[in-house]
Amino acid sequence: MKVIEVDRCQIQEWYRKFKSVSIPTIIHQLPQSFIDYLLDSGTLQLPLSISNEDALPNRVHNPIDELDYQLTEKSDDEDEESEQSTSSPPPSFPDLELQIKKSIETLGGAVFPKLNWSSPKDAAWISSSRNLRCTSFSEIALLLKSSDSLVHDLGHAYDSCCDKKESSRPSSFYIALRKWYSSILPEREFRCFVRGQQLVGISQREVTTCYPLILAERGGIQDLIVGFFKDQVRMKFESDDYTFDVYVTNDGRVKVLDFNPWAEFTLPLLFTWDELEGFNGEEKQEDVELRVVESRSGIRPGLKTAVPREFLEVGPGSGWEQVLTKAFEELQQQQQETSDDDH
C-alpha cells in the first residue's frame with residue numbers, strides 16, 4: 001500500500017467526485033491549534049463555547065455550592081495564593097465554532113462528524129444520545145476529544161505504507177460535517193471490496209444483528225450495488241485495490257458513504273483478509289458474493305465498538321466499580337460538609 005492510495009480515501013479528496021451520489025457534507029480545514037488540543041492527552045477540558053453551548057447535561061445545583069461563587073474581600077496574600085492555584089483557562093476556538101455552527105444550520109440542524117478518514121464511533125457511548133448525532137460545536141468537540149480511533153488519523157495514517165516518508169500524518173486535517181438522517185437503518189449499510197478494479201465481495205456492514213428482511217432482499221441489493229459500482233465508482237476512483245461503503249435506500253437508490261484503503265486495519269467484516277487476498281480481480285461481476293448475517297449463530301459481537309471494555313465488567317476492580325466507589329466517596333464528603341455547616 002502506498003501513501004497516495006491512503007490519501008485518495010480522505011473524505012476531502014473523494015467527496016467532490018461523488019457528491020451527487022453521497023449524503024450532503026460540508027468540509028472545513030482544522031486549525032493547527034485545534035489539532036494540538038486533540039493530541040494533548042493531558043487536556044481534559046472541553047473548549048469554551050462562545051455560544052454557551054454545553055455538550056454535557058447541566059449540573060444539578062446545590063445552594064451550598066453557590067457559596068463558592070460569592071465574592072469576598074481577600075488579603076493580598078490570599079489573592080496571590082489564589083492566582084497561583086487557579087488552573088489554566090479552557091481552550092477556545094471561536095472562528096471554528098462559528099463556521100461549524102453555520103454549517104450545522106445549513107445541514108438541517110444535526111450532523112455527524114468525521115476527520116480525514118475516521119469518525120469517532122468508539123466515543124458514541126459518551127454522548128447523551130449514545131450515537132454520533134451532534135447539534136453543536138461542543139458536542140462535536142466532546143466526541144473528537146473522547147475518541148481513541150482518531151489517533152490513527154492524527155499520527156499514524158501512513159504507518160503501513162511502503163513508501164512512507166518521515167512524517168506519518170498528512171500536512172492538513174479536515175472535519176467533515178455530514179447531514180444526520182434519523183431514518184437511516186444500519187442493516188442497509190454494506191462494505192464493498194475492490195481488487196484489481198473489480199468488485200470481488202460485498203458484506204453487510206452491521207454484523208452484530210441478524211436482519212431477516214435483508215436476507216429476503218439479498219439478490220436485489222446485490223444487483224443494485226454491482227450496477228452502482230460499474231456506473232458510478234469504477235471509472236472515478238483511481239486506486240486498483242480499495243473498499244467503499246454504501247447505503248441502499250428502501251426505494252433502491254445507492255449512496256456512497258466512505259472509502260477505505262485495502263489494508264488489514266480496514267475491517268473485512270464477514271470475509272477474512274486471507275479470502276480477499278485470494279481474489280485476483282478477474283472474477284465475473286455476476287459472481288460477486290453478498291454476505292449477510294443469516295442467523296443468530298453468525299453474529300459477530302466482537303466487531304462492534306461502543307463502551308470501553310473495562311466498563312463491560314461489573315466485578316471488583318472493574319470500570320463501573322471504580323466509578324461507583326468514587327461517586328460514593330464524593331457523596332459522603334458532601335454530606336459531611338453539609339453536616340459541618342449546620343453546626
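**A three-stranded sheet and two nonpolar cores**

In this predicted model, an open sheet of 3 strands (DSSP E runs of at least two residues, numbered from the N terminus) follows the order β1-β3-β2 with antiparallel pairing, where pairing requires at least two DSSP bridges between two strands. The edges are taken by β1 (25–29) and β2 (111–114), each with a single partner strand, so one side of each has no neighbour in the sheet. On average, neighbouring strands are turned by 20° against each other, direction ignored; axes here are lines fitted to C-alpha atoms, for helices over the stretch in contact, and angles run from 0 to 180 degrees between N-to-C directions. Antiparallel pairing of β2 with β3 (residues 174–179) spans 4 bridges, and Phe112 has Arg178 of β3 as its bridge partner. Across β1, β2 and β3 lies helix α5 (residues 94–106), at about 175° to β1; helices are DSSP H or I runs of at least four residues.

Turning to the interior, the largest nonpolar core has 37 residues. Such a core is a set of buried Ala, Val, Leu, Ile, Met, Phe, Trp, Tyr and Cys residues joined through side-chain atoms within 4.5 Å, buried being under 20% relative accessible area (1.4 Å probe, protein chains only). Phe190, Leu199, Ile225, Val233, Phe244 and Phe259 touch the most other members. Helix α9 gives the most to this core, with 6 residues. Val233 is in contact (heavy atoms within 4.5 Å) with Phe18, Phe228, Tyr242, Phe244 and Phe259, leaving aside residues up to four places away in sequence. A second, separate core of 29 residues includes Ile35, Phe112, Ile175 and Leu177.

Residues are numbered from 1 along each chain as its sequence is written, and side-chain values use heavy atoms, leaving out hydrogens and water. Local features need pLDDT of at least 70, and side-chain atom pairs count only at pLDDT 80 or more, while totals for chains, interfaces and linings use all residues.

Methods. Buried means under 20% relative accessible area, exposed over 50%, partly exposed in between (1.4 Å probe, protein chains only).
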